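The following exercises are to be worked with the sequence and the model in view. Each task is followed by a solution in steps.

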Amino acid sequence: MKQIDKRKFWKNLVVTVGILGIATLASLLYFHFSKNSTSVAMIYVLGVMLVARYTIGYIPGIAATVYGVFVVNYVYTYPYMNINFTLDGYPVIFVGMLVVSAITSALTTKFKKQSQMLNEREKLLMDAEKETMRANLLRAVSHDLRTPLTSIIGLTNAYLEAPESMPEEKKIEIVSGIREDSNWLLNMVENLLTVTRIRVGDARVNTSPEPLEEVVSEAVIRFKKRLPQAKVNIRVPEEFLMVPMDAVLIEQVIINLLENAVYHSGTQDGIDFFVEQEGNVVAFHVRDHGKGIAPERLNTIFDGAGMDDNASGDSHKGMGIGLTICKTIIAAHRGTIQARNQKQGAEFIFTLPLGEVKQDGE
Amino acid sequence: MASRQTILIIEDEKNIGNYIETIVISNQYKALRAKNGMEGLSLCTSHHPDLILLDLGLPDVDGMDVLKRIRSFSHVPVIIISARTQEREKVEALDQGADDYITKPFGSEELLARIRTAMRHSVQLSNLMTQEQKYSKAGLEIDFDKRLVTLEGKEIHLTQIEYKLVSLLAKNAGKVLTYDFILKEIWGPFADTDNQILRVNMANIRRKLEKNPAEPFYIFTEIGVGYRMKE
């Protein structure tokens with residue numbers, strides 16, 4: 001506390017002396033040419049105002065006023081180099097300068113306090129937003145992890161309780177179920193891991209320019225490794241585009257959207273995945289030809305909401321966490337993501353800013 | 001095959017180790033298991049395996065140290081087993097002399113393909129004279145003697161740099177080559193470490209060789225690491 005006061009004091013002193021010095025210099029020059037003491041007083045009024053504006057508290061302003069009044073009296077008014085307070089109209093200048101400085105200091109102090117308050121409130125709001133995001137994520141995670149785990153534990157128990165009496169095809173069915181659920185869990189964990197790449201403080205990512213087609217092709221290859229039977233029509237712009245991004249994260253977004261299209265469209269028809277440059281952003285479109293998204297879910301689909309109403313049944317393929325993570329990732333890239341319905345099927349679009357073309361690459 | 005080839009598995013995770021061992025043994029290799037780095041090193045010196053599968057996250061010593069120590073006395077092919085999020089470690093391991101890497105989770109097909117590729121390249125290294133004169137895969141042919149590249153019988157015109165790139169990848173087909181390695185091979189040891197120029201050249205090659213640059217068939221990207229050509 002004391003140290004801050006000391007710093008404040010020195011800062012005030014430096015600013016005050018500096019501004020008054022400049023004012024004195026300016027008035028000396030001005031007076032040398034015009035001999036007009038009223039204008040000189042105005043220069044000091046201006047100086048006092050600036051002092052009051054750029055210092056903290058009332059004292060510097062008042063000190064500057066006193067200094068100004070004395071100097072104007074001493075140097076620039078007849079009799080020169082003499083103090084004479086009986087001069088006509090002098091009290092008016094003195095009082096005027098005092099009032100100006102007092103009001104300016106009061107206003108600036110108030111203004112500073114207000115902006116500080118605003119900053120604090122904004123920070124609180126941002127914290128709250130981050131908190132909601134985290135809470136949504138956790139909720140989605142615990143929901144999406146519990147379901148497949150329950151099923152894995154259940155299936156293994158079923159097998160261990162009666163391995164002899166179980167027909168062979170039943171065993172295969174059980175193991176396939178375990179495999180499917182474990183794959184799902186693995187995907188979930190990879191999703192979670194990607195989120196750790198987003199910096200905690202400012203919710204941003206470290207981007208570097210990546211060739212668009214390489215990211216797209218790697219994402220699709222990884223997707224096909226998991227779901228070999230899925231059909232995807234891919235199209236990228238003819239020209240070579242470098243897009244600033246964290247490639248691992250964007251691949252995850254692409255994979256999540258493609259998987260959703262497979263699991264939720266309710267159709268075996270191919271998925272269209274195409275990328276286009278639109279002004280200074282690139283837009284990634286993932287289109288399916290299935291049953292589309294229920295209109296009431298369109299607005300909240302990225303918030304991890306809406307998973308409670310289908311919490312039963314095959315909800316381990318719920319969209320909860322995947323889309324929440326997509327939104328987090330895209331927001332960290334300063335891009336946008338949205339969902340909409342086509343004539344036939346749903347479409348997810350996300351954009352990434354192209355940024356300025358930098359010569360140095362990084 | 002006269003004698004079965006031995007594969008040393010250095011992996012601390014019991015289940016993953018079992019899994020790899022099962023795959024390896026059922027494909028006519030002999031398997032050795034080590035559950036930490038020191039044990040791995042001593043098995044490596046005493047048994048001279050034909051290939052090593054090395055997990056980077058070991059309980060006693062850093063996997064990278066194990067790799068460095070193996071490389072100080074042996075050229076045995078080493079394949080790194082890594083998690084997906086460790087790009088930096090992967091690149092470092094490759095630049096430290098690892099032959100290839102495989103990312104968890106992997107399937108048996110993928111693992112066996114990597115093992116075969118690494119073994120083949122180590123055989124090639126040991127007798128340089130018999131190096132292949134041609135790369136030929138699914139319509140794409142590269143004749144290293146005539147410096148001729150043909151796709152489905154038609155000649156493809158590549159620039160000097162592009163040809164060097166393609167032939168470098170083709171001679172190491174199936175193996176991932178890091179950006180740094182390629183830059184040094186093509187542009188010399190004083191090349192800029194910025195890989196932009198490499199990626200632009202690759203994009204041009206892709207436009208000449210691939211039907212759809214977004215769905216490459218011959219040259220694959222491993223983002224953050226490098227490129228791999230179809231074997």
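**Exercise 1. Overview of chain A**

Task: State how many helices and strands chain A has, and what share of its residues is buried.

Solution. In this predicted model, chain A contains eight helices and seven strands. The chain has 362 residues, of which 31% count as buried. Turning to contacts between residues at least 6 apart in the sequence of chain A, 72% join residues at least 24 apart.

**Exercise 2. The sheet of chain A**

Task: Give the strand order of the five-stranded open sheet of chain A and identify the strands at its edges.

Solution. Step 1: the order is β2-β4-β5-β7-β6 (chain A), and the pairing is mixed. Step 2: β2 (232-235) and β6 (336-341) of chain A each have a single partner strand, so they stand at the edges and one side of each lacks a neighbour in the sheet. Step 3: direction ignored, neighbouring strands of this sheet are turned by 15° against each other on average. Step 4: the pairing of β6(A) with β7 (residues 346-353) of chain A is antiparallel and runs over six bridges. In this region, Asn341(A) stands opposite Ala346(A) of β7(A).

Task: Determine which strands α6(A) and α7(A) touch as they pack on this sheet.

Solution. Step 1: α6(A) touches β2, β4 (271-278) and β5 (281-287) of chain A, and its direction makes about 170° with that of β2(A). Step 2: α7(A) touches β2, β4, β5 and β7 of chain A, and its direction makes about 25° with that of β5(A).

**Exercise 3. Two helices of chain A**

Task: Compare the end-to-end spans of α6(A) and α7(A) with the expected values, and examine the burial of each helix.

Solution. Step 1: α6 (residues 212-226) of chain A has 15 residues and should span 21 Å at 1.5 Å a residue; its end C-alpha atoms are 22 Å apart, which agrees. Step 2: the buried residues of α6(A) include Leu212(A), Val215(A), Val216(A), Ala219(A), Val220(A) and Phe223(A), and also Glu213(A), Glu214(A) and Glu218(A). Step 3: α7 (residues 247-264) of chain A has 18 residues and reaches 25 Å from its first C-alpha to its last, close to the expected 26 Å. Step 4: 16 of the 18 residues of α7(A) are buried, so this helix is largely enclosed by the rest of the structure. Gly266(A), with a positive phi near 70°, follows α7(A).

**Exercise 4. The surroundings of Arg199(A)**

Task: Locate Arg199(A) and decide whether Arg199(A) is buried or exposed.

Solution. Step 1: Arg199(A) lies in the loop between α5 (168-195) and β1 (208-211) of chain A. Step 2: the cut-off for an exposed residue is 12 or fewer C-beta neighbours within 10 Å. Arg199(A) has 11 such neighbours inside 10 Å and therefore counts as exposed. Step 3: leaving aside residues up to four places away in sequence, Arg199(A) touches Arg204(A) and Val205(A). Step 4: Ala332(A) is 133 residues from Arg199(A) in sequence, yet their C-alpha atoms are 8.8 Å apart in space.

**Exercise 5. Chain B**

Task: Describe the side of chain B that touches chain A.

Solution. Step 1: 17 residues of chain B are in contact with 19 residues of chain A. Step 2: α8 (196-209) and β11 (219-222) of chain B each supply at least two residues of this side, and α8(B) gives the most, with four residues. Step 3: by class, this side of chain B has eight nonpolar, five polar and four charged residues.

Task: Classify the packing of α6(B) against α8(B).

Solution. Step 1: α6 (residues 160-171) of chain B and α8(B) pack at an angle of about 85°, with their axes 10 Å apart. Step 2: the two helices α6(B) and α8(B) are therefore roughly perpendicular to each other. Step 3: the residues making the contact include Leu165(B) of α6(B) and Met202(B) of α8(B).

Definitions and conventions. Residues are numbered from 1 along each chain as its sequence is written. Chains are lettered from A and ligands numbered from 1 in the order in which they are written. This is a predicted model: local features need pLDDT of at least 70, side-chain atom pairs count only at pLDDT 80 or more; totals for chains, interfaces and linings use all residues. Two residues are in contact if their C-beta atoms, placed from the backbone, lie within 7 Å. Ala, Val, Leu, Ile, Met, Phe, Trp, Tyr, Cys and Pro count as nonpolar, Asp, Glu, Lys and Arg as charged, and the others, Gly among them, as polar. A residue is buried if 20 or more other C-beta atoms lie within 10 Å of its own, exposed if 12 or fewer, and partly exposed in between; C-beta atoms are placed from the backbone. Axes are lines fitted to C-alpha atoms, for helices over the stretch in contact, and angles run from 0 to 180 degrees between N-to-C directions. Angles under 35 degrees count as roughly parallel, over 145 as roughly antiparallel, 65 to 115 as roughly perpendicular and the rest as oblique. The expected span of a helix is 1.5 Å times one less than its number of residues. Two strands pair if DSSP finds at least two bridges between them.
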